[in-house]
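Here is a short set of exercises to work through with the model open beside you. Try each task on your own before reading its solution.

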Amino acid sequence: MENHRILLINDMPGYGKVALSAMIPVLSHMGFDLYNLPTALVSNTLDYGRFDILDTTEYMGNTVRIWEELGFSFDCICTGFIVSEKQAELIAEYCASQKRKNGAKVFVDPIMGDHGRLYNGVSPQITQAMKKLCQTADVLMPNLTEAAFLAGMDAQQEDWTEKELQDLIGRLREQGARSVVITSAVTGKKAGIYGFEEESGQYFTEPVDYIPVCFPGTGDLFSAVLTGEM
């Protein structure tokens with residue numbers, strides 16, 4: 001296999017198998033040449049309710065500048081948790097630059113919330129900032145809540161028709177995303193993955209067995225495997 005260079009942009013937890021700590025082992029095992037750019041140092045997963053976050057935006061800007069001076073380039077960039085509007089803008093500009101200069105493919109997991117609401121510590125302003133980053137996405141990988149927030153639709157709606165999911169994806173594609181993969185989509189009380197693949201121009205669905213338990217990091221694992229396989 002060609003040794004593709006993948007840049008992971010996500011937070012680094014002090015505790016919890018999430019974000020970079022979950023993605024790096026998977027993609028390393030798949031044989032890729034990995035780089036990482038932490039968006040924040042996080043004390044523990046946010047579901048604990050108490051946490052500390054160190055914003056690394058200044059470090060990210062300095063690192064990107066040094067990498068450009070050293071001539072680093074990437075075949076693929078996969079983004080995850082972002083802590084501020086300024087950071088989202090920095091990442092969007094860098095992704096657009098790597099696409100333009102090196103043809104990099106961009107995978108965006110717009111980590112903001114689940115179950116109809118935003119995560120602890122995530123401000124409503126992030127939704128607007130995230131839209132700019134999503135414009136660069138070759139593959140956008142939101143869960144249903146995040147997709148609804150980005151599209152300006154009802155994030156608390158529990159059951160969606162296939163037509164509504166297609167309208168939802170249409171709005172995301174109008175914002176610039178090319179292919180879209182929505183996790184935790186529910187149609188007719190059945191859970192699954194619903195998406196649109198740009199190359200074929202086809203909608204698709206993949207049913208899954210729904211387990212009513214929260215496992216932090218499953219979205220990061222999904223993003224890592226999908227990115228690596230594609």
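## Exercise 1: An acidic residue and its partners

Asp138 counts as buried, at 12% relative accessibility. Here buried means under 20% relative accessible area, exposed means over 50%, and partly exposed lies in between, with a 1.4 Å probe and protein chains only. A note before going further: this is a predicted model, in which local features need pLDDT of at least 70 and side-chain atom pairs count only at pLDDT 80 or more, while totals for chains, interfaces and linings use all residues. Residues are numbered from 1 along each chain as its sequence is written, and side-chain values use heavy atoms, with hydrogens and water left out.

Task: find which side chains form a salt bridge with Asp138, and place the residues of each pair in the chain.

Solution.

Step 1. Begin with the rule: a salt bridge needs a side-chain nitrogen of Lys or Arg within 4 Å of a carboxyl oxygen of Asp or Glu. Side chains of opposite charge can pair when their charged atoms come close.

Step 2. One partner is Lys99, whose closest N and O atoms with Asp138 are 2.7 Å apart. This pair links distant parts of the chain, with Lys99 in helix α3 (residues 85-102) and Asp138 in the loop between α4 and β8, 39 residues apart. Helices (H or I, at least four residues) and strands (E, at least two) are DSSP runs, numbered from the N terminus.

Step 3. Arg178 also meets Asp138 in a salt bridge, at 4.0 Å from N to O. Here too distant parts of the chain are linked: Arg178 sits in the loop between α6 (162-174) and β9 (179-187), 40 residues from Asp138.

Step 4. Check the exposure of the partners. Lys99 is partly exposed at 22%, and Arg178 is partly exposed at 26%.

## Exercise 2: A pair within one helix

Task: by the rule, how many salt bridges are there, and where do Lys163 and Asp167 lie?

Solution.

Step 1. The count comes to three salt bridges.

Step 2. Lys163 and Asp167 meet at 2.9 Å, N to O. Both residues lie in helix α6, four residues apart, or about one turn of the helix.

Step 3. Lys163 is exposed, with a relative accessible area of 53%, whereas Asp167 is partly exposed at 35%.

Step 4. Now look at shared partners: salt bridges join Lys99, Asp138 and Arg178 into one network.

## Exercise 3: The surroundings of Thr136

Task: is Thr136 buried or exposed, and which residues does Thr136 touch?

Solution.

Step 1. Locate Thr136 in the loop between α4 (125-134) and β8 (139-140).

Step 2. Thr136 counts as buried because its relative accessibility is 8%.

Step 3. List its contacts (heavy atoms within 4.5 Å). Leaving out residues up to four places away in sequence, Thr136 touches Ala92, Cys95, Ala96, Lys99, Val106, Val108 and Arg178. Lys99 and Arg178 from this list are also in the salt-bridge network.

## Exercise 4: Reading the sheet

Task: in what order do the nine strands form the sheet, and which are the edge strands?

Solution.

Step 1. The order is β3-β2-β1-β4-β5-β8-β9-β10-β11, in an open sheet with mixed pairing. Two strands pair if DSSP finds at least two bridges between them.

Step 2. The edges are β3 (53-55) and β11 (202-207), each pairing on one side only.

Step 3. Strands β1 (residues 5-13) and β2 (residues 33-42) are parallel, over eight bridges. Leu8 has Asn36 in β2 as its bridge partner.

Step 4. Two bridges join β8 and β9 in the parallel sense, and Val139 is partnered by Ser179 in β9.

Step 5. β9 and β10 (residues 190-197) run antiparallel, joined by six bridges. Ile182 has Tyr194 in β10 as its bridge partner.

## Exercise 5: Cysteines

Task: how many disulfides does the structure hold, and why is Cys78 not bonded to Cys76?

Solution.

Step 1. A disulfide is a pair of cysteine sulfur atoms within 2.5 Å. The structure holds zero of these disulfides.

Step 2. The closest cysteine sulfur to that of Cys78 belongs to Cys76, and there is no bond because the separation of 6.4 Å is too far.

Step 3. Cys134 is in no disulfide either, since the nearest cysteine sulfur, that of Cys95, is 11 Å away.

Step 4. Both Cys78 and Cys134 are buried, each at 2% relative accessibility.
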